[in-house]
Amino acid sequence: MAREFSTVGVVGLGTMGAGIVEVFARNGIDVVAVEISAPALERGRATLKGSTDRAVAKGKLAEADRDALNERVHFAVGLDALHSVDLVIEAVPEHLDLKQRIFAELDRVCRPEAILATNTSSLSVTEISVATSRPNQVIGIHFFNPAPVMKLVEVVRTVVTAPEVVADVEALCARLGKVDVTINDRAGFIANALLFGYLNHAVGMFESHYATREDIDAAMKLGCGLPMGPLALMDLIGLDTAYEILDTMYRRGGRDRRHAPVPLLKQMVTAGLLGRKSGRGFYTYERPGSPVVVPDEATPLATDGALADGARAIAKVGVVGSGTMATGIIEVFAKAGYEVVSVTRGMEKSAKVCEAVKTSLNKGVVRGKLAEADRDAALGRISWSATLDHLADVDLVVEAVVEELSVKKALFASLDEICKPGVVLATTTSSLPVIDVAMATQRPADVVGLHFFNPAPVMPLVEVVRTIRTSPEATATARAVCAALGKTGVVCGDRSGFIVNALLFPYLNDAVKMLEASYSTADDIDHAMKLGCGYPMGPFELLDVVGLDVSLAIQRELYLELREPGFAPAPLLEHLVTAGYLGRKTRRGFRDHSHR
Ligand SMILES: NC(=O)c1ccc[n+]([C@@H]2O[C@H](COP(=O)([O-])OP(=O)(O)OC[C@H]3O[C@@H](n4cnc5c(N)ncnc54)[C@H](O)[C@@H]3O)[C@@H](O)[C@H]2O)c1
């Protein structure tokens, strides 16, 4: 028989605590919610009220249920009010000494059989537990932000946590409608261990002016389908909390430099820029606690796209190549009304590309997304050629040939001879330095990277890569073209992996290392990222889709360029590739796909 939890206590009603109170009260459990002072208690009460009122306004909660929910919560200042609860969850700031003090006090105040839980993200549950006389009844219950929404709970058992306490807490999570993964006490558990290196890296990109906050966030949302960009997520988590988590993970997790908090974070925390809760972090919010972003001095000026910032007018576009990317890019430009010259290495290849573009456009017609007349007009705008000479009068060339530097350089040298002055020359490379390609021409100022995502007609993101020689006009032109294509162009520097791959692949590699260390299973890790962070796919699902060989190649490039020890490819990834387990395409990767 699982233990009955009829009353629980929550200590600290900040970002997490207020949400945790709501989770329990919504599920019919009485809550004693405590804070350190009367004003803090009032803030917590207001947060709960705001959240439940919003749920009513959205039609997700009946008014009567809201009132019943609020009646289940008893607010108090100080821990003494917790004398008769069955379980306490502590959600005070991420400091070991503070948590240890609170647990020692809880041990004194609470009934001997009460379970004492911490919501810590990164501290050692074991170290917290030894501040009490009942470490076997201490456990980690790690909720995700926002607690009422996110389905995942990480249940953290220490070496001394009693098995029945773990079982009782697992049953409680199920009663709350949550999915739990139960794991051992390691810095960052599953989700944060995989998340925080990525978040810190994104802050580093912002700090070094590699890309703007809007572009970094848009890249990860649109390129990976994440629910929020990393900087907006830092604001939601709270920069002070994020700083403490990183700092603890750095010290506990083997001094991985990727967890050493980026200096900017400390400066922002010291300046009181804590994120949503203080009304300002990476972004500015309507007021403290509000999720609504308002413009500030760093907000880019809204332009009408067309000829902003010296952007050049583009009417005719050349696309070189005959693969998947070239085919998609031809379709994208033709549909957007550009005149397109497709150049391949032979009319046979051109015929194939033409067929592929037709098939894809026809699919749009069948699905009712494209009118027949628009399909015909798009096809009518494309001319097919097997010689670069036909690019003499285009305004923009997009190169999408094989990913080999020598081939791309030779092509750019030819384009330099053939194309008219003022044309913007773009490469779609995903891994080569754009500057290498640019220097094969006499006009590096006109060369940019235009990194489309596959499938180009569907994916809303394009990375616009400017080298140290690219002119502002060429960058502005590329960005305006993306807007005219209905895509979001994000501008970044010319570094391995640009924004998306540089932030995505080390995270995937870390997941492989976690699996390799037998800390958790592929299923639980995938669950943790989907249900805890709202990712559309878990890391192992994604690796199997992308291809393990492709992922390994990207990770190697990142490692070679940045020499970051933490970026070294996971040996397990190398072994799977060597064994020919490349993912879905070979029917086996991290999972066996032969029966699907
Ligand atoms: N922010 C997140 O996204 C997130 C997610 C999961 C877990 N966590 C963890 O949850 C815990 C709380 O983080 P947060 O972001 O909610 O912090 P927060 O700063 O938003 O809230 C902490 C609250 O604790 C209160 N408090 C401080 N000392 C207290 C005391 N002695 N007694 C009672 N209350 C006290 C503060 O007044 C404040 O309201 C941390 O351990 C953090 O790592 C945070």
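Gly-28, just after helix H1, takes a positive phi of about 80°. That is in a predicted model, as is everything I show today. The helix before that glycine, H1, covers residues 17-26. Nine of its ten residues are buried, so H1 is largely enclosed by the rest of the structure. The buried ones are Gly-17, Ala-18, Gly-19, Ile-20, Val-21, Glu-22, Val-23, Phe-24 and Ala-25.

Staying with backbone angles for a moment. Most residues other than glycine have a negative phi, and most peptide bonds are trans. Here are some exceptions. Arg-255 is not a glycine, yet its phi is positive, about 50°. Arg-255 sits in the loop between helix H10 (239-252) and helix H11 (263-270). Arg-563 also has a positive phi, near 55°, and lies in the loop between H21 and helix H22 (571-578). Arg-563 is exposed, with a relative accessible area of 59%.

For peptide bonds, the one from Asn-145 to Pro-146 is cis, with omega near -5°. Pro-146 is in the loop between strand E6 (138-143) and strand E7 (152-157). The bond from Asn-454 to Pro-455 is cis as well, with omega near -5°. Pro-455 is in the loop between strand E16 (447-452) and strand E17 (461-465).

Next, the domain annotation. UniProt, in an unreviewed entry, places "3-hydroxyacyl-CoA dehydrogenase NAD binding" at residues 7-185 and 316-494. In the model, residues 7-185 are 40% helix and 23% strand, and the end C-alpha atoms lie 26 Å apart. For residues 316-494 the figures are 41% helix and 21% strand, with the end C-alpha atoms 26 Å apart.

The unreviewed entry in UniProt also places "3-hydroxyacyl-CoA dehydrogenase C-terminal" at residues 188-285 and 497-592. Residues 188-285 are 60% helix and 2% strand, with 28 Å between the end C-alpha atoms. Residues 497-592 are 62% helix and 0% strand, and there the end C-alpha atoms are 29 Å apart.

Now the ligand. Which residues are closest to it? There are 25 residues around the ligand, and the closest are Met-16, Glu-35, Glu-94, Lys-99 and Ser-121. At Met-16, a polar backbone atom is 2.8 Å from an oxygen atom of the ligand. At Val-92, a polar backbone atom is 3.4 Å from a ligand oxygen. Lys-277 uses its side chain: an N or O atom there is 3.3 Å from an oxygen of the ligand.

On to packing. In soluble globular proteins, nonpolar side chains tend to be buried together. In this model the largest nonpolar core has 120 residues, and those with the most contacts inside it are Leu-82, Leu-106 and Leu-391. Another core, of 39 residues, lies apart from it; among its members are Val-21, Leu-41, Val-166 and Leu-172. Val-21 came up earlier as one of the buried residues of H1. Back to Leu-391: leaving out residues up to four places away in sequence, Leu-391 touches Gly-318, Val-320, Val-341, Val-343, Val-397, Leu-415, Ile-418 and Cys-419.

How many disulfides does a search of the whole structure find? Zero. Take Cys-224 as a case. The closest cysteine sulfur, in Cys-492, is 13 Å from the sulfur of Cys-224, too far for a bond. Cys-492 is in no disulfide either; the nearest cysteine sulfur to it, that of Cys-482, is 11 Å away. Both cysteines count as buried, Cys-224 because its relative accessibility is 17% and Cys-492 because its value is 0%.

Last, two residues toward the end of the sequence. Gly-538 is in the loop between helix H19 (522-533) and helix H20 (539-546). Is Gly-538 buried or exposed? Its relative accessibility is 0%, so Gly-538 counts as buried. Beyond residues up to four places away in sequence, Gly-538 touches Asp-526 and Lys-530. The C-alpha atoms of Gly-538 and Asp-526 are 3.8 Å apart, although twelve residues separate the two along the chain.

The other is Gln-555, in helix H21 (residues 548-562). Gln-555 is buried, with a relative accessible area of 1%. What does its side chain reach? The backbone oxygen of Phe-567, at 2.7 Å. Setting aside residues up to four places away in sequence, Gln-555 touches Phe-505, Pro-506, Asn-509, Phe-567 and Pro-569.

Terms used. Residues are numbered from 1 along each chain as its sequence is written. This is a predicted model: local features need pLDDT of at least 70, side-chain atom pairs count only at pLDDT 80 or more; totals for chains, interfaces and linings use all residues. Side-chain values use heavy atoms; hydrogens and water are left out. Helices (H or I, at least four residues) and strands (E, at least two) are DSSP runs, numbered from the N terminus. Buried means under 20% relative accessible area, exposed over 50%, partly exposed in between (1.4 Å probe, protein chains only). Contact means heavy atoms within 4.5 Å. A nonpolar core is a set of buried Ala, Val, Leu, Ile, Met, Phe, Trp, Tyr and Cys residues joined through side-chain atoms within 4.5 Å. A disulfide is a pair of cysteine sulfur atoms within 2.5 Å. UniProt positions are given in the numbering used here, feature names are shortened, and annotations may be inferred rather than shown by experiment. A residue is near a molecule or strand if one of its heavy atoms lies within 4 Å of it. A polar contact is a pair of N or O atoms within 3.5 Å; within protein, one must be able to donate a hydrogen and the other to accept it, and residues adjacent in sequence count only if both atoms are side-chain atoms.
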